[in-house]
Amino acid sequence: MRVERTRCCVVGGGPAGMMAGLLLARQGCEVIVLEKHADFLRDFRGDTVHPSTLELIAELGWIEEFLQLPHAKMREVTVSIGGRQITFADFRRLPARCPYIAFMPQWDFLDFLANKAAGYAGFRLMRDARMTELIAEGGRTVGVRATTTQGPLEVRADLVIAADGRHSTAREQAGLEPARSAPPMDVLWFRLPRRQGDQVPFFQNGRGGVLISIDRGDYFQHAYAIPVGDYPKLREAGLPAFHERIGAAAPALADRVTLIDDWEKVHDLTVRVDRLSRWHRPGLLFIGDAAHAMAPAGGVGINLAVQDAVATANLLAPVLRRGGEVSENELAKVQARREWPAKVTQAFQVRVLRGLYPKDLIDDTADHAPLVFDAFRALPPLRHAMGRFIGLGARPEHITQPLA
Ligand SMILES: Cc1cc2nc3c(=O)[nH]c(=O)nc-3n(C[C@H](O)[C@H](O)[C@H](O)COP(=O)(O)OP(=O)(O)OC[C@H]3O[C@@H](n4cnc5c(N)ncnc54)[C@H](O)[C@@H]3O)c2cc1C
């Protein structure tokens with residue numbers, strides 16, 4: 001068994017893990033990030049980089065370079081319900097350098113972080129390294145075991161940060177069970193080609209159901225929301241019925257829905273909304289989806305994960321640099337800082353947006369918008385406030401630690 005020693009071992013190279021690893025290394029801490037995959041190339045992952053994350057990249061001095069990567073900008077969120085269109089969130093007046101959501105494949109975002117992190121002496125990313133076990137000694141996590149292409153690996157660390165996502169192995173290993181909220185919907189993801197001039201609202205709830213269409217240049221990435229557990233019923237009804245639904249939801253795309261000629265082209269995402277009541281154990285801290293899985297509404301999962309990572313580095317880098325064990329009190333400060341934004345955002349996703357979720361697969365015709373939507377039409381400040389909540393989050397973090 002190969003044994004490595006480091007100050008901090010981060011499990012998971014997603015947005016939370018990569019950003020935490022990068023910022024800790026930037027602060028002069030030794031970090032090893034373990035990622036079970038060989039690369040970041042995974043389809044149908046969160047692809048939104050919100051203004052809060054763009055602001056952080058700007059604070060790090062990399063924004064011009066970052067914006068060279070191919071992306072599409074969204075300056076407002078339009079919602080069409082029962083044929084009526086409103087602007088639900090407007091980002092234009094945000095106090096941020098980039099007042100828009102950048103749609104960018106997540107692998108590009110993660111590759112960018114990995115390349116930047118590689119410039120710091122203390123940073124190591126181990127790909128193809130799957131954490132299988134936490135190592136506990138005297139009631140404290142002191143490292144992890146992993147399988148790698150070069151055989152088994154043991155990483156000993158003063159702190160393990162579990163950023164291994166919504167199906168966290170670390171959480172299971174630690175015997176922790178997050179409290180779950182009833183998910184508001186399930187989501188099917190698929191793509192359709194986009195032709196020049198195609199205009200499709202971002203969010204539509206009308207005949208055919210609830211369809212989100214993300215303009216990705218030469219194609220649309222679609223999310224089709226269905227009532228929880230109804231995917232088998234939809235499949236049973238057959239592909240022609242599915243085509244009809246999507247064509248009704250987005251008539252502009254009716255001419256190409258038959259390109260979905262196999263259910264293999266439709267990816268079913270079971271939505272999960274959960275949260276750990278305690279994000280830490282001695283020597284172990286959970287952040288990102290491992291601590292709180294978000295519903296897809298607002299596309300805020302990546303950004304909350306990134307914000308957790310920033311708070312973690314702000315609070316723990318000075319402690320890690322000092323050397324020795326990181327006390328649970330220090331870890332509790334991360335939860336104290338980040339739990340409230342996660343709670344508020346989940347409540348917003350599950351309760352406030354309830355009126356937008358599909359209720360019935362048979363009768364899915366939304367012919368009127370909830371009353372509150374009229375207020376968005378009439379009051380621009382509401383649209384700006386919503387833009388601020390979605391774009392910057394409930395408690396935006398900033399890079400407070402200078403380069404070590
Ligand atoms: C289909 C889909 C669409 C989404 N769309 C959006 C969106 O548009 N906008 C948005 O903001 N959010 C979206 N989300 C949610 C968003 O992707 C997550 O909230 C965000 O990625 C969480 O980041 P994370 O780093 O905490 O976890 P993850 O992104 O899940 O990263 C965890 C990482 O840990 C690795 N890992 C897991 N187990 C191990 C192990 N045992 N050993 C080593 N590595 C391990 C995984 O390979 C992964 O790279 C979507 C999620 C899904 C599933």
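Student: Which elements do the buried residues of α2 pack against?

Tutor: In this predicted model, helix α2 spans residues 51-59, and 7 of its 9 residues are buried, so it is largely enclosed by the rest of the structure. The buried set consists of Pro-51, Ser-52, Thr-53, Leu-54, Glu-55, Leu-56 and Ile-57. The elements against which these residues pack are β3 (48-49), α3 (63-66), β7 (101-103), α8 and α11 (380-392).

Student: Which residue with a positive phi follows α2?

Tutor: The helix covers residues 51-59. After α2 comes a residue whose phi is near 85°, and this residue is Gly-61.

Student: Which are the edge strands of the open sheet of 3 strands?

Tutor: Strands of a sheet pair through backbone hydrogen bonds, either parallel or antiparallel. Here the pairing is antiparallel, and the order is β3-β7-β4. An edge strand pairs on one side only, which applies to β3 and β4 (72-74).

Student: Which residue in β7 stands opposite Ala-72?

Tutor: Strand β4 comprises residues 72-74, and β4 pairs with β7 in the antiparallel sense over 3 bridges. Opposite Ala-72, in β7, stands Phe-103.

Student: Where does the largest nonpolar core lie with respect to domain 1 and domain 2?

Tutor: In soluble globular proteins, nonpolar side chains tend to be buried together. The largest nonpolar core of this model has 113 residues, of which Val-11, Ala-20 and Ile-161 touch the most other members. Helix α8 supplies the largest share of this core, 13 residues. Domain 1 (1-46 + 105-180 + 273-352) and domain 2 (186-269) both contribute residues, so the core lies between them.

Student: Which residues does Ala-20 touch, not counting residues up to four places away in sequence?

Tutor: Ala-20 is one of the core residues that touch the most other members. With residues up to four places away in sequence set aside, the contacts of Ala-20 are Val-10, Ile-161, Ala-163, Ile-287, Ala-309, Thr-312 and Ala-313.

Student: Which element gives the most to the shell around the ligand?

Tutor: Three elements each supply at least two residues of this shell: α1 (15-26), β9 (130-137) and α8 (301-322). With 4 residues, the element that gives the most is α8.

Student: How many residues of the shell around the ligand are charged?

Tutor: There are 35 residues around the ligand, and Gly-14, Gly-46, Gly-165, Gly-288 and Gly-301 come nearest. Glycine counts as polar in this classification. The shell divides into 15 nonpolar and 13 polar residues, and the number of charged residues is 7.

Definitions and conventions: Residues numbered from 1 in each chain as written. Predicted model: local features only at pLDDT ≥ 70, side-chain atom pairs only at ≥ 80, totals over all residues. Near = placed C-beta within 6 Å. Core = buried A, V, L, I, M, F, W, Y, C linked by C-beta atoms within 7 Å. Buried ≥ 20, exposed ≤ 12 C-beta atoms within 10 Å, placed from the backbone. Domains from an automatic or database assignment. Contact = placed C-beta atoms within 7 Å. Pairing = 2+ DSSP bridges.
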